[in-house]
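Welcome! Work through these exercises with the sequence and the 3D view side by side, and try each task before reading its solution.

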Amino acid sequence: MQKLLYLLATVLVLWGCNAPSEKSEKKLPRVAIAGLAIESSTFSPAFTHAEAFHAKTGEDILSQYPFMAADSADRKRAEWIPTLQGHALPGGVVTKEAYDSLVNETLKMLSENGPYDGLFFDIHGAMSVEGLDDPEGDFIIKIREVTGPETIISTSMDLHGNVSWRLAENSDLITCYRMAPHEDALESKQRALENLLDRLESGKGKPAYKAWIPVPILLPGEKTSTRIEPGKSLYAQVAPAANQEGIVDAAIWIGYAWADAPRNHAVVMVTGDDQKKVSKTAEELAKSFWEVRGAFDFVAPTATLKESLDMAIASQKHPFIISDTGDNPTAGGAGDVTWTLQEILKRPEFKSVNGPSLIYASIPGPEFVKKAKEIGVGGEISATAGAAIDSRFAPPVLLEGTIETIEDGDIHAETEVVVKVGSIHVIVTKKRKPYHHESDFTNLGLKPKETDIVVVKIGYLVPELYDMRADWIMALTPGGVDQDLERLGHKNIKRPMYPLDADMETPDLSAQMVPLSGK
């Protein structure tokens with residue numbers, strides 16, 4: 001009897017030593033991060049190569065998210081497995097070779113480090129790739145083949161991205177920005193990530209319902225800014241819609257107008273656990289979007305380039321900013337169309353150094369830059385730049401003037417040269433670069449706030465330029481992201497499409513319920 005009691009006591013002691021402690025830490029979910037982000041115009045002759053994505057791996061991925069700092073709450077909520085994430089400047093079609101190399105590297109890293117409870121899919125949604133109509137849909141399917149159907153994928157996108165059926169089907173959670181310009185980009189990424197963590201921690205898993213509604217509207221971002229109506233009020237409906245009980249998130253995608261594929265159109269999506277509320281909310285947002293379709297207009301006054309220059313020269317408001325919209329590299333333009341600069345150089349007002357001061361930002365010209373470096377600051381140069389990629393509208397531009405600045409080291413431009421031609425400061429870059437910040441100019445010794453006219457290759461102004469302007473107009477210029485969509489000639493989008501088919505009948509905007517991934 002004593003032996004039996006001794007054995008029983010020993011078992012109890014051993015069980016107590018090995019029993020799970022209430023104080024023991026709960027096992028953290030394993031969450032991967034992956035994605036490729038770019039806007040790619042199929043109407044530009046440019047091509048985008050792998051190096052343009054500046055692909056990050058490991059800790060370098062986490063460092064680009066302020067909300068994922070080492071001591072942040074979100075960082076401590078999971079075991080993070082960042083694989084590969086790349087973000088390229090908008091540009092031309094991505095080569096198949098570049099796409100395959102980046103995707104295959106991602107898949108290799110995912111296969112080596114699984115399994116995963118969740119995956120944060122950080123993309124833009126408007127990537128065009130040689131031979132593919134839906135690259136992001138192709139990418140997420142390949143990811144699913146590695147992770148399996150149980151992994152919960154949360155997709156974060158730009159509102160100018162495109163949501164195909166298969167992207168919707170393979171994304172368990174999905175959201176996009178609610179502001180254009182995208183001042184809420186990081187906030188949106190954090191929401192996508194925290195939605196994923198919440199579902200994992202709560203044990204709720206994948207939302208039970210996803211409503212997808214294609215809206216046959218194709219408009220440029222310059223007509224759908226949330227700074228003005230009707231975009232402002234339309235997008236103001238999104239947050240309240242998403243904050244309802246039974247809804248996880250809601251989103252409206254404007255879509256990307258400068259690519260020609262069946263997926264290029266607007267979309268509304270709502271995810272959640274209440275089927276009736278999910279479908280009703282999606283339909284209400286889609287209906288609201290359709291009802292205001294005719295009210296969308298440019299976010300700023302527009303004019304021809306000649307009219308824009310006439311106004312800027314006559315204006316007493318400085319700086320007067322002119323958007324060179326047709327070759328906007330922030331929307332997918334090649335960035336080297338010389339047409340606008342050629343026209344500016346023809347104007348007699350700028351021939352003299354005492355004419356109206358004007359900054360032109362910018363034109364790529366690697367050979368010009370090379371020659372300028374050989375001559376040096378203060379020297380005179382006569383060389384051509386631009387139109388190496390897109391010469392459809394004008395040939396390379398001859399610049400004859402004084403070299404005022406040469407700066408190396410920019411992540412995009414690599415080398416920047418400022419040449420003074422008459423009263424114009426032309427910025428010539430080794431590689432194309434958009435100019436968004438005052439420091440982009442002041443680092444080169446330029447003073448944009450004290451300049452009469454600033455011409456930038458951009459559409460609607462990003463916040464810092466918008467705040468800098470004394471006046472502003474968007475010049476309707478030619479290029480790969482021409483604001484005149486009819487002039488571009490889409491052939492592969494689904495028709496009818498507003499406003500290309502302005503008199504089209506009201507479409508069916510009923511919610512289409514998307515199957516859960518893996519079902």
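Two strands count as paired if DSSP finds at least two bridges between them. Keep in mind that this is a predicted model.

**Exercise 1. Map the open sheet**

Task: Find the order of the strands in the open sheet of 6 strands, and say which strands stand at its edges.

Solution:
- Step 1. Going across the sheet, the order is β4-β5-β1-β7-β8-β9, and the pairing is mixed.
- Step 2. The edge strands are β4 (56–57) and β9, each with a single partner strand, so each has one side without a neighbour in the sheet.
- Step 3. As background, strands of a sheet pair through backbone hydrogen bonds, either parallel or antiparallel.
- Step 4. Now look at helix α3, which packs on this sheet and touches β1 (30–37), β4, β5 (79–87) and β7. The directions of α3 and β5 make an angle of about 175°.

**Exercise 2. Follow the chain through β8**

Task: Work out how β8 is joined to β7 and to β9, and whether the residues of β8 are buried or exposed.

Solution:
- Step 1. Strands β7 (residues 118–122) and β8 run parallel and are joined by 5 bridges. One pair to locate is aspartate 122 with its bridge partner in β8, serine 156.
- Step 2. Between these two strands the chain passes through helix α4 (residues 135–147), giving a right-handed β-α-β crossover.
- Step 3. On to β9 (residues 173–176): here 4 bridges pair it with β8, again in the parallel sense. Methionine 157 stands opposite cysteine 176 in β9.
- Step 4. The path from β8 to β9 goes through helix α5 (residues 165–170), and this β-α-β crossover is right-handed.
- Step 5. For burial, use the cut-off: a residue is buried when its relative accessible area is under 20%. In β8 (residues 152–157), 6 of the 6 residues are buried, so the strand is largely enclosed by the rest of the structure.
- Step 6. Check the side chains: Ile152, Ser154 and Ser156 point one way, while Ile153, Thr155 and Met157 point the other way.

**Exercise 3. Test a helix length**

Task: What span should α4 have at 1.5 Å a residue?

Solution:
- Step 1. Helix α4 has 13 residues. The rule multiplies 1.5 Å by one less than the number of residues.
- Step 2. That leads to an expected span of 18 Å, and the end C-alpha atoms are 18 Å apart, which agrees.
- Step 3. Next, see what surrounds the helix. Its buried residues, among them Phe139, Ile140 and Ile143, pack against β1, α3, β7, β8 and α5.
- Step 4. Just after α4 comes glycine 148, with a positive phi of about 85°.

**Exercise 4. Spot the unusual backbone**

Task: Which peptide bonds here are cis, and where do alanine 387 and glutamate 414 lie?

Solution:
- Step 1. Start from the usual case: most residues other than glycine have a negative phi, and most peptide bonds are trans.
- Step 2. A cis bond with omega of about 0° joins histidine 318 and proline 319. This proline 319 is in the loop between α10 (305–314) and β14 (320–324).
- Step 3. Another cis bond links arginine 495 and proline 496, also with omega of about 0°. Look for proline 496 in the loop between α15 (485–488) and β22 (512–513).
- Step 4. Alanine 387 has a positive phi of about 60°. Its place is the loop between β16 (380–385) and β17 (397–410), and it is buried at 8% relative accessibility.
- Step 5. For glutamate 414 phi is near 70°. This residue lies in strand β18 (residues 414–421) and is partly exposed, with a relative accessible area of 28%.

**Exercise 5. Read the salt bridges**

Task: Which parts of the chain does the pair of arginine 75 and glutamate 59 tie together?

Solution:
- Step 1. The closest N and O atoms of arginine 75 and glutamate 59 are 3.0 Å apart, and the two form a salt bridge.
- Step 2. Arginine 75 lies in the loop between α2 (59–62) and β5, and glutamate 59 in helix α2, so the pair ties together parts 16 residues apart in sequence.
- Step 3. Compare the surroundings: arginine 75 is buried at 19%, whereas glutamate 59 is exposed at 52% relative accessibility.
- Step 4. For a pair inside one helix, turn to glutamate 112 and lysine 108, which form a salt bridge at 3.0 Å, N to O. Both lie in α3, 4 residues apart, about one turn of the helix.
- Step 5. Finally, find the network of salt bridges that links Asp74, Arg77, Asp198 and Glu201.

How values were computed:
Residues are numbered from 1 along each chain as its sequence is written. This is a predicted model: local features need pLDDT of at least 70, side-chain atom pairs count only at pLDDT 80 or more; totals for chains, interfaces and linings use all residues. Side-chain values use heavy atoms; hydrogens and water are left out. Buried means under 20% relative accessible area, exposed over 50%, partly exposed in between (1.4 Å probe, protein chains only). A crossover is right-handed if, with the strands pointing away from the viewer, the path from the first strand over the helix to the second runs clockwise. Contact means heavy atoms within 4.5 Å. Axes are lines fitted to C-alpha atoms, for helices over the stretch in contact, and angles run from 0 to 180 degrees between N-to-C directions. A salt bridge is a side-chain nitrogen of Lys or Arg within 4 Å of a carboxyl oxygen of Asp or Glu.
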